[in-house]
Amino acid sequence: DELYASLPKSAEEVTSVAGLFEQKNFPNKSYLGQDAQLQHFKDEAKHFNYVLVASHGIIDWQQPAASGIAFAKSASKKTENMLYRADTYNLQLQADLVVLSACESGIGELAKGEGMMGINRGFMYSGAKSIIFTLFKIPDETALISALFKNILNEKDYVISLYEAKQQLIQSNVFVNKWAGFVLI
């Protein structure tokens, strides 16, 4: 089904970023494929300054609370491993930066007096100091996130890192839907 459709470039994206951290001898941990379980994320994300989630972002316009980010389907439980929007408010993060490389991770229902209630908002509430998220559906691609983290690990500011990563793709004539939807708060 669509929720668990293969995202081969996401695995490449995570592996590429992990490699950048290894080159700098920085600690990192990656979960790919069947190992990308929601419980691993909940247990481990709180220990890292940088968190990258490369997965399916799901928006449910009929039931906005059912929106979230998909993790690997558990073979033993036969359940969907969704990190629902409400669950993000209960994470305990110390991350300086969370990157949600998932479709529509910054959109949701518009709540009067609150603004947009996307999944990104819960990450901020849970302690993330900065967050990069998407405003629309994005292709399964690696170039932007790899360039972003390369810049960050070369001690560039997040704003400059994202800007330069986007400029690199623009100069390479990469189609706009592969970079324009990423936003930093």
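This passage describes a sheet and the aromatic ring pairs of a predicted model.

In the predicted structure, strands 2, 3 and 4 are arranged in that order as an open sheet, in which the pairing is antiparallel. Strand 2, covering residues 57-58, and strand 4, covering residues 81-84, are the edge strands, each of them pairing on one side only. Between strand 3, which spans residues 68-71, and strand 4, the antiparallel pairing extends over four bridges, and within this arrangement G68 is found opposite Y84 of strand 4.

Across the whole structure, a search identifies eight aromatic pairs. One of these joins F41 and F123, whose ring centres are 6.4 Å apart and whose planes meet at 65 degrees, so that the pair is classed as edge-to-face, the planes being over 60 degrees apart. Because F41 belongs to helix 2 (residues 38-44) and F123 to helix 4 (residues 119-125), this pair ties together parts of the chain that are 82 residues apart in sequence. Both F41 and F123 are buried.

A tilted aromatic pair is formed by Y89 and Y125, with a distance of 5.2 Å from centre to centre and an angle of 55 degrees between the planes. This pair likewise links distant parts of the chain, since Y89 lies in the loop between helix 3 (85-88) and strand 5 (97-101), whereas Y125 lies in helix 4, 36 residues apart. With a relative accessible area of 24%, Y89 is partly exposed, while Y125, at 62%, is exposed. In addition, ring pairs connect F21, F26, Y50, F149 and Y158 into a cluster.

Note on methods:
Residues numbered from 1 in each chain as written. Predicted model: local features only at pLDDT ≥ 70, side-chain atom pairs only at ≥ 80, totals over all residues. Heavy atoms only, no water. Pairing = 2+ DSSP bridges. Helix = DSSP H or I, 4+ residues; strand = E, 2+ residues; numbered from the N terminus. Phe/Tyr/Trp six-rings, centres within 6.5 Å; stacked < 30°, edge-to-face > 60°. Buried < 20%, exposed > 50% of the residue type's maximum accessible area, 1.4 Å probe, protein only.
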